[in-house]
Amino acid sequence: MEDIEYGDFVIEYVGEVLDLETSQDRLDDEKSDRHFYQMELEQDRIVDAKTKGNLSRFVNHSCDPNCRVEKWCINGVMRLGFFAKQSIAAGTELTYDYKFYTNDKALVCRCGADNCRGTLRSVAQKTKKAKEVEQERRAQKDKVIQSAKNGKLTNRMLKEILRDTQEDVERESEKRQKLEKQALHRLAHTNSTVPGDLTRPVALGPTINHKELIRSQRIFLWRNAEKGSFLLERLQLKQRRNT
């Protein structure tokens, strides 16, 4: 085992690639089974790692995870990968946020995190109770604003204003920190050095001699053409045949 740095690739999520119909059929057949391992790959493709997968299928849920799932297109094929959201010490359990989109209220979360939301469902999928609480809070805010306009603010209302303001500031601070981390992650994959190794520069691309050939043959990545399909040898053979 070894430490994992922020932004590092951890493991790929692999399994059977299913269409939506097959995926739903399996879910219907496995209703009594509380353990399933399906993850969305594309809008109409699902990866099922239940019987054909790797160690990634054992990564558990947490509302405060140390990993996140990213979708990458590799040689025209969509892939799923776990990446570190923070530095992870060797021996630490790997977790990510399941964010299930379902109405199943039995999916209770017991991760124990300070910010645990109590469910494995997506935070964007608000429950009816949560919506009612939000509507009530909004109505209370409107009442406080109206009282302020009429000059009838009470001490209780002032305390509520201060509390709501503090909560808004904290949310904005968390949002800003998240955006800063995302920016650092993007820079780690776009700067002039290899991510995780500042001593290795990223290749500068094709040489001047190859650029004209790249334009004429409509090649996007020279190294792929050179190493993957013996482009130069095929062009030379084609020229000999024409002469």
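**Why these labels fit**

Biologist: Why is arginine 117 called partly exposed?

Modeller: Arginine 117 has a relative accessibility of 27%. Buried means under 20% relative accessible area, exposed means over 50%, and partly exposed is in between (1.4 Å probe, protein chains only). The value for arginine 117 falls in between, so partly exposed is the label. Before we go on: this is a predicted model, in which local features need pLDDT of at least 70 and side-chain atom pairs count only at pLDDT 80 or more, while totals for chains, interfaces and linings use all residues. Residues are numbered from 1 along each chain as its sequence is written, and side-chain values use heavy atoms, leaving out hydrogens and water.

Biologist: What makes aspartate 97 and arginine 117 a salt bridge?

Modeller: The term asks for a side-chain nitrogen of Lys or Arg within 4 Å of a carboxyl oxygen of Asp or Glu. Here the closest N and O atoms are 2.7 Å apart, so the pair qualifies. Both residues lie in the loop between β8 and α2, so the bridge ties together parts that are 20 residues apart in sequence. At 16% relative accessibility, aspartate 97 counts as buried.

Biologist: How many salt bridges does a search of the whole structure find?

Modeller: Seven salt bridges turn up. One of the pairs is lysine 71 with glutamate 40, at 3.3 Å from N to O. That bridge links distant parts of the chain, with lysine 71 in strand β6 (residues 67–74), glutamate 40 in strand β3, and their positions 31 residues apart. Strands (E, at least two residues) and helices (H or I, at least four) are DSSP runs, numbered from the N terminus.

Biologist: Are lysine 71 and glutamate 40 buried or exposed?

Modeller: Neither word fits: lysine 71 stands at 41% and glutamate 40 at 45%, and both count as partly exposed.

Biologist: What makes arginine 68 and glutamate 70 a salt bridge?

Modeller: Their closest N and O atoms are 2.8 Å apart, so the distance passes the salt-bridge test. Arginine 68 is partly exposed at 21%, whereas glutamate 70 is buried at 14%. There is also a network of salt bridges that links Glu16, Arg26 and Asp48.

Biologist: What makes Asp19, Glu21, Asp25, Asp28 and Asp29 a patch of negative charge?

Modeller: Charged patches are made of residues with over 30% relative accessible area and no salt bridge, like charges being joined within 9 Å, and Asp and Glu count as negative. Glutamate 21, at 60%, passes the area test, and it counts as exposed. Glutamate 21 is found in helix α1. Helix α1 (residues 20–29) gives the largest share of the patch, four residues.

Biologist: Which residues form the positive patch?

Modeller: Lys85, Lys99, Lys178 and Lys181 form that patch on the surface. Lysine 85, in the loop between β7 (77–84) and β8 (95–96), has a relative accessible area of 33%, so it passes the area test for a patch while being called partly exposed.

Biologist: How many residues has the largest nonpolar core, and what makes a set of residues a core?

Modeller: The largest nonpolar core has 13 residues, and those with the most contacts inside it include Tyr13, Phe82 and Tyr96. Strands β3 (38–42) and β7 are the elements that give two or more residues to this core, and β7 gives the most, three residues. A core is a set of buried Ala, Val, Leu, Ile, Met, Phe, Trp, Tyr and Cys residues joined through side-chain atoms within 4.5 Å.

Methods
Patch = residues over 30% accessible without salt bridge, like charges linked within 9 Å, V, L, I, M, F, W, Y side chains within 5 Å. Areas by Shrake-Rupley, 256 points an atom, 1.4 Å probe, with all protein chains shown as cover. Charge placed at Lys NZ, Arg CZ, Asp CG, Glu CD.
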